[in-house]
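Here are my comments on the structure you sent, set out as numbered points. Please read them with the sequence and the coordinates open beside you.

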Amino acid sequence: MSQSPTWVHDAAVKVNCKDCTAVCCKHIAVPFEEPVTPEDFAAVRLWLSHENVIVYKDNEDDWVVEFQTKCGNLVGNRCSVYGGKEYPRVCGEYEMNTCVMNEEGDWWQILFKTIEDVDAYCREKDIAIIPYAGVADCITIGLDTPTSPADLDDFWWYVAHRDVTVYRKGDEWFLHCNTACLPSCSVKRVVLPSGADVVFRSWSDIATFAREQFGVPEGHSPLTLSAR
């Protein structure tokens, strides 16, 4: 059973969790390899042809694509699984004093909100701008293959959010997010790529995979075990 959050008031920060509108619970941030080639930036342009997506290089030099999508565990502005076995460890490790509401200065070094932002960056860096191609109303991004229960932590955080699925096709893993194309996007529409042999849409999907793939005992949380 989940516990009620015990809010710790910190007078040193501008916004305390108990007073926040759950900003950190309304997006997912997915790291990806640094874009270098024209093809890499074409992929970034494709992502930004969809609604509620930004791409940035953060202050730790990581490149991230961020989707604005609400966590399915959120009730009002409070977590309904706080402290329970389904509470994502990513959330438990999130620090109030370094969240985007309280971090000093910009949280990014490079920020792309639109395709035009990407094109301006490419022109500045003398990178060729090539057409993007893909599917409409969804974005698919490659993920690292999970090799232990600990690797499932981020997967659960991802699929806890609305319109997000993680799947395996052959030997490769992907994150799939349904998000509407901007009016200017004219590529074809799909819902989920065919041929996926493992699909995560919920906590129970991940728990079943953890038992079958990694031998996590029945009734145990793979995320709890991975934290030991």
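**Two sheets and a pocket**

1. Helix H4 lies across strands S8, S9, S10 and S12, and its direction runs at about 135° to that of S9. Please bear in mind, here and below, that this is a predicted model.

2. The strands that H4 touches belong to an open sheet of 4 strands, ordered S8-S10-S9-S12, in which the pairing is antiparallel. S8 and strand S12 (198-200) stand at the edges with a single partner strand each, so one side of each is left without a neighbour in the sheet. Direction ignored, neighbouring strands of this sheet are turned by 25° against each other on average.

3. Within this sheet, strand S9 (residues 164-169) and strand S10 (residues 172-177) pair in the antiparallel sense over 6 bridges. If you wish to check the register by eye, Val164 is a convenient place to begin, since its bridge partner in S10 is Cys177.

4. Another open sheet is also formed by 4 strands with antiparallel pairing, here in the order S1-S3-S2-S6. Its edges are taken by S1 and strand S6 (108-112), each of which has a single partner strand, so that one side of each is left without a neighbour in the sheet. The twist from one strand to the next averages 25°.

5. Between S1 and strand S3 (residues 63-67) there are 5 bridges, and the two strands pair in the antiparallel sense; across this pairing, Ala29 stands opposite Glu66 in S3. Helix H1 packs on the sheet, where it touches S1, strand S2 (53-58), S3 and S6, and its direction makes about 135° with that of S2.

6. Which elements supply at least two residues each to the lining of the second largest pocket? They are strand S1 (28-32), helix H1 (38-47), strand S8 (139-143) and helix H4 (152-159), and the pocket that they help to line has a volume of about 520 Å³. Of the 21 lining residues, Pro31, Phe32, Gly142, Leu143 and Asp144 are the closest to the centre of the pocket.

7. As to the character of this lining, its residues divide into 12 nonpolar, 3 polar and 6 charged. The lining of the second largest pocket also draws on both domains, with at least three residues from each of domain 1 (23-125) and domain 2 (140-214), and I would suggest that any description of the pocket should mention both.

Terms used:
Residues numbered from 1 in each chain as written. Predicted model: local features only at pLDDT ≥ 70, side-chain atom pairs only at ≥ 80, totals over all residues. Heavy atoms only, no water. 1 Å grid on protein atoms, 1.4 Å probe; cavity = no way out; pocket = protein on both sides within 12 Å on 5 of 7 lines; lining within 4 Å. Points joined across faces, edges and corners; volume = space filled by probe spheres on them. Nonpolar A, V, L, I, M, F, W, Y, C, P; charged D, E, K, R; others polar. Domains from an automatic or database assignment. Pairing = 2+ DSSP bridges. Axes fitted to C-alpha atoms, helices over the stretch in contact; angles between N-to-C directions. Contact = heavy atoms within 4.5 Å.
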